[in-house]
Amino acid sequence: MANFHWYLLLLLLIIPILISSFIYQLDTFDAAPLPNDHDYFSETISVPKRHNHVLSVSERVGEGLLFGPEDLAYDADRGLLFTGCDDGWIKTVNLRDDDDDYLKVENWTFVGGRPLGLALAKDGSLVVAEPYQGLLLIRERGKVELLTESAEGLRFGLTDGVDVTLDGKIYFTDASYKYPLKDYMLDVMEARPHGRLLSYDPKTNQTLVLALDLYFANGLALSPDEHAIVFCETLLRQCKKYHIKDEKKGTIELFIQNLPGFPDNIRYDREGHYWIGLTAGKTRLWDLIFKYPFIRKLLVALEKYNVKIPNGMVNGGVLSVDLDGRPVSLYSDKGLYHVTGGLKVGKYLYQGSLTKPYLNRIDLNKHAAQAKYE
Ligand SMILES: *[C@@H]1O[C@H](CO)[C@@H](O)[C@H](O)[C@H]1NC(C)=O
Ligand SMILES: *[C@@H]1O[C@H](CO)[C@@H](O)[C@H](O)[C@H]1NC(C)=O
């Protein structure tokens, strides 16, 4: 009987390995290592102030009406928060707290697809990065124009982050020319630089490529003096700074690296801080997945045969950094993932989400991150 048990155990071990390697051999998906100088197991930057259990102090806004509210833009004149949802709608949330309609959600303009980056221009029009169509402009509610959908003969595949200068020039990212949004995990698993940083000038109708070979070029924010833009490269857990003016014009430098998670959107709060959404925290498992392309290839191959792999996403949140890229505070929770960004309006920090049907918000006066934390 003992022999029989051994035999069974061996079969149970060997069969999945044989099947996996067979599937692996068949699959043509070609995963790449990250750049040579990438340190997979580096320590993350230390953040002076933290709040590690923000879910317990968060309030839900627009529950059941805001499906995957990804990016956020606030119009202080109208007291309206704009957000792009998974159902193709740009929706607004009324943030005038003296109004009867405080926190009321409205369907504002339907753009279709799945709106990601949003930025308000000085004249009140809204620029939208829509991953399937390209860069869109909404001058008045309900009217959507396509501004640009390609540059240097290459069509955008995943228009993602956007910001606009006071004189109307638009900076934006294309996260991947290769994979559409619905397959973004394939871009992550392949780990090749398919992203570009771009600009669009409405005065000349010209689209320019400012940088290419970026690793999932994601959120983007203008610096308050409009001398530079900061943009995130999700795969490398870092943000870079591109200079648009002065003697450094056209050059790129690192802004912050070794982030505690994978950065998504970045927004400036007009109070000296950028807020960076971390879709999920860095974990040992993700370190290994990125270190070894064969693991990524195997995961993709198995996924095709509907072998569901737990996504291992924990510790999402929002990180604030100062204008020089020094970390200031981190608001996170073990149970958070798919956090897309943070926008501070008054005392509240609003958190976007790729998949939840609501916005989370935290009262920063009551629940500020602390230097001593558990
Ligand atoms: C807003 O849009 C959603 C999704 O398309 C729809 O289900 C809902 O009925 C709309 N709400 C209003 C008030 O029109
Ligand atoms: C802007 O440029 C695009 C691409 O070159 C072109 O298709 C479009 O017609 C132009 N729009 C205007 C208003 O000139």
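Here is a short tour of the structure, stop by stop.

**Before you start.** This is a predicted model, in which local features need pLDDT of at least 70, side-chain atom pairs count only at pLDDT 80 or more, and totals for chains, interfaces and linings use all residues. Residues are numbered from 1 along each chain as its sequence is written, chains are lettered from A and ligands numbered from 1 in the order in which they are written, and side-chain values use heavy atoms, with hydrogens and water left out.

**The whole protein.** Show the cartoon: four helices and 27 strands, which are DSSP runs (helices H or I, at least four residues; strands E, at least two) numbered from the N terminus. The C-alpha trace spans about 80 × 50 × 40 Å along its principal axes. Of the 374 residues, 54% count as buried, meaning under 20% relative accessible area, with exposed over 50% and partly exposed in between (1.4 Å probe, protein chains only).

**Arginine 296.** Select this residue in helix H4 (residues 293–304). What is the nearest side chain of opposite charge to arginine 296? That is aspartate 30, 8.6 Å away, and arginine 296 is buried yet has no salt bridge. A salt bridge here is a side-chain nitrogen of Lys or Arg within 4 Å of a carboxyl oxygen of Asp or Glu. For charge, Lys and Arg count as positive and Asp and Glu as negative; His and the chain ends are not counted. Now add methionine 189: its backbone oxygen lies 2.8 Å from a polar atom of the arginine 296 side chain. Beyond neighbours within four places in sequence, arginine 296 has contacts (heavy atoms within 4.5 Å) that include Ala31, Pro33, Glu190 and Phe290.

**Aspartate 30 and its partners.** Move on to aspartate 30, which forms a salt bridge with arginine 192, the closest N and O atoms being 3.2 Å apart. These two are 162 residues apart: aspartate 30 is in the loop between helix H1 (2–26) and strand E1 (49–51), arginine 192 in the loop between helix H2 (184–190) and strand E15 (195–201). Arginine 192 also meets glutamate 190 in a salt bridge (3.1 Å, N to O). Glutamate 190 counts as buried because its relative accessibility is 4%, whereas arginine 192 is partly exposed at 27%. Add Lys178 to complete the view: Asp30, Lys178, Glu190 and Arg192 are linked in a network of salt bridges.

**Last stop.** Select lysine 347 and aspartate 363, a salt bridge with its closest N and O atoms 3.5 Å apart. Lysine 347 is in the loop between strands E25 (339–345) and E26 (348–353), and aspartate 363 is in strand E27 (residues 359–363).

Key: Polar contact = N/O pair within 3.5 Å; in protein donor to acceptor, adjacent residues only side chain to side chain.
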